Amino acid sequence: MHAALSLVLTLFSVAVFFVLQGAHFLAAVQVIVYAGAIVILFLFVIMLLGIDKEDVLDEPLPAQRPLAIAVGVALFAGLLLFARILQPTGASADRGSATQGDVANVERVARSLFTDFLWPFEITSALLVIAVVGAIVLARRGGPGTSLDDDADVDLPVSENGSRPHVGAGSDEGPAAVLEYEA
Amino acid sequence: MKVPGAWYLAVAAVMFCIGAIGLLVRRNALIMFMCVELMLNAVNLTFVTFARMLDDIGGQVFVFFTLVVAAAEVVIGLALIVSIFRRRQGATADDVSLMRG
């Protein structure tokens with residue numbers, strides 16, 4: 001729970017960094033999507049499942065924790081080393097400047113997004129639709145491919161092809177359960 | 001007020017390493033997801049910083065795509081965690097190593 005709230009704080013700080021660097025559209029999107037949607041989703045899951053009781057502290061791999069910290073420190077050292085060696089270079093911006101000029105940042109992002117990156121943008125929409133469908137399938141009662149035996153508290157007749165009959169929106173099941181899943 | 005880009009990169013590197021260490025150390029699946037989010041945010045910050053340093057709008061557009069992918073990943077991941085939790089108590093990553101239902 002505290003981790004989630006601290007994550008909100010960190011994400012807001014990153015949004016402030018975006019504003020400082022002139023990326024106003026991304027700052028707004030960061031606040032809305034990350035701090036407004038993703039972390040709220042995290043908090044919903046935490047409170048729904050009630051898992052801030054205890055943490056599992058028995059380690060099946062005793063060497064994992066120091067090894068992980070060592071790997072992290074080595075990663076940081078490697079990043080610093082690469083940052084010392086390599087200098088960022090790039091060709092001159094052929095798809096528009098990021099900061100200069102009198103065109104607003106939102107318009108720049110939109111112009112680049114709908115001209116140069118139009119095809120990835122469309123693929124992004126397909127990805128979102130797939131994610132929504134996948135979440136609905138996963139959030140069904142019992143999940144995909146399970147028999148009704150797992151649902152001990154519902155007693156429903158099973159149709160012949162094994163698919164679940166129509167389940168009304170009960171107290172603890174969302175609208176996802178209304179959908180019939182034809183296996 | 002112009003902060004040099006190297007400081008943003010340093011903050012992003014620190015955030016990425018904190019996320020990586022957390023991902024490696026913790027066993028709770030939710031905490032691991034949060035660490036992945038932290039790492040993604042560090043990379044976003046790096047993208048925006050380089051977009052400013054190299055004066056190219058493409059970095060900011062890429063951050064947009066990263067945001068969309070992160071949102072989709074969180075949706076699917078949390079649905080998976082909830083469905084794991086329904087089946088067994090606790091969501092440590094070691095319990096689900098068997099890839100069976």
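In this predicted model, a good place to start is where α4(A) runs up against α3(B): the two axes come within 9 Å and cross at roughly 75°. Angles of 65 to 115 degrees count as roughly perpendicular, so α4(A) and α3(B) sit roughly perpendicular to each other. On the chain A side of this crossing, the residues involved are A:V109, A:S112 and A:L113, and they meet B:G58, B:Q60, B:V61 and B:F64 from α3(B). Sorted by class, that contact comes out as 4 nonpolar, 3 polar and no charged residues.

That crossing belongs to a broader contact between the chains, to which chain A brings 61 residues and chain B brings 54 residues. On the chain A side, α1 (2-20), α2 (24-49), α3 (64-85), α4 (105-113) and α5 (118-139) each put in at least two residues. The top contributor there is α2(A), with 10 residues. As for character, the side of chain A that touches chain B splits into 42 nonpolar, 15 polar and 4 charged residues.

Chain A itself is simple to sketch: it has 5 helices and 0 strands, and from the N terminus on its elements read α-α-α-α-α. Of its 183 residues, 18% are buried. Taking the contacts within chain A between residues at least 6 apart in sequence, 41% link residues at least 24 apart.

A second crossing between the chains pairs α3(A) with helix α1 (residues 5-25) of chain B. Here the axes come within 9 Å and cross at roughly 160°, which makes α3(A) roughly antiparallel to α1(B). The crossing of these two helices is right-handed. From α3(A), the residues taking part are A:R65, A:A68, A:I69, A:V71, A:G72, A:L75, A:F76, A:L79 and A:A83; their partners in α1(B) are B:L9, B:A13, B:C17, B:A20, B:I21, B:L24 and B:V25. By class, this contact of α3(A) with α1(B) holds 14 nonpolar, 1 polar and 1 charged residues.

The chain B partner in that pair deserves a look of its own. With 21 residues, α1(B) stretches 30 Å from its first C-alpha to its last, close to the 30 Å expected at 1.5 Å a residue. Its buried residues are B:Y8, B:L9, B:A12, B:A13, B:M15, B:F16, B:C17, B:G19, B:A20 and B:I21. The cover over the buried residues of α1(B) includes α1 and α3 of chain A, along with α2 of chain B.

Within chain B, α2(B) and α3(B) form another pair, with axes that come within 9 Å and cross at roughly 175°. At that angle α2(B) is roughly antiparallel to α3(B). The α2(B) side of the contact consists of B:A29, B:L30, B:F33, B:E37, B:L40, B:V43, B:N44, B:F47, B:V48, B:F50 and B:A51, while α3(B) answers with B:G58, B:G59, B:Q60, B:F62, B:V63, B:T66, B:A70, B:V74, B:G77 and B:I81. Class by class, the contact of α2(B) with α3(B) has 14 nonpolar, 6 polar and 1 charged residues.

Staying with α3 of chain B, B:L67 has its place in this helix. Because it has 21 C-beta neighbours inside 10 Å, B:L67 counts as buried, the threshold being 20 or more. Apart from its neighbours within four places in sequence, B:L67 is in contact with A:V29 and A:V33. Its C-alpha atom is separated by 21 Å from that of B:L54, which is 13 residues apart along the chain.

Between α2 (29-53) and α3 (58-87) of chain B there is a loop that holds B:D56, and B:D55 lies in it too. How do the two residues fare for burial? With 22 C-beta neighbours inside 10 Å, B:D56 counts as buried, whereas B:D55, with 16, counts as partly exposed. The backbone at B:D55 has its own quirk: phi is near 60°, a positive value in a residue other than glycine. Most residues other than glycine have a negative phi. As for B:D56, its C-alpha atom and that of B:A6, 50 residues apart along the chain, are separated by 17 Å.

Definitions and conventions. Residues are numbered from 1 along each chain as its sequence is written. Chains are lettered from A and ligands numbered from 1 in the order in which they are written. This is a predicted model: local features need pLDDT of at least 70, side-chain atom pairs count only at pLDDT 80 or more; totals for chains, interfaces and linings use all residues. Two residues are in contact if their C-beta atoms, placed from the backbone, lie within 7 Å. Helices (H or I, at least four residues) and strands (E, at least two) are DSSP runs, numbered from the N terminus. Ala, Val, Leu, Ile, Met, Phe, Trp, Tyr, Cys and Pro count as nonpolar, Asp, Glu, Lys and Arg as charged, and the others, Gly among them, as polar. Axes are lines fitted to C-alpha atoms, for helices over the stretch in contact, and angles run from 0 to 180 degrees between N-to-C directions. Angles under 35 degrees count as roughly parallel, over 145 as roughly antiparallel, 65 to 115 as roughly perpendicular and the rest as oblique. A crossing is left-handed if the near helix is turned anticlockwise from the far one by less than a right angle, and right-handed if clockwise. A residue is buried if 20 or more other C-beta atoms lie within 10 Å of its own, exposed if 12 or fewer, and partly exposed in between; C-beta atoms are placed from the backbone. The expected span of a helix is 1.5 Å times one less than its number of residues.
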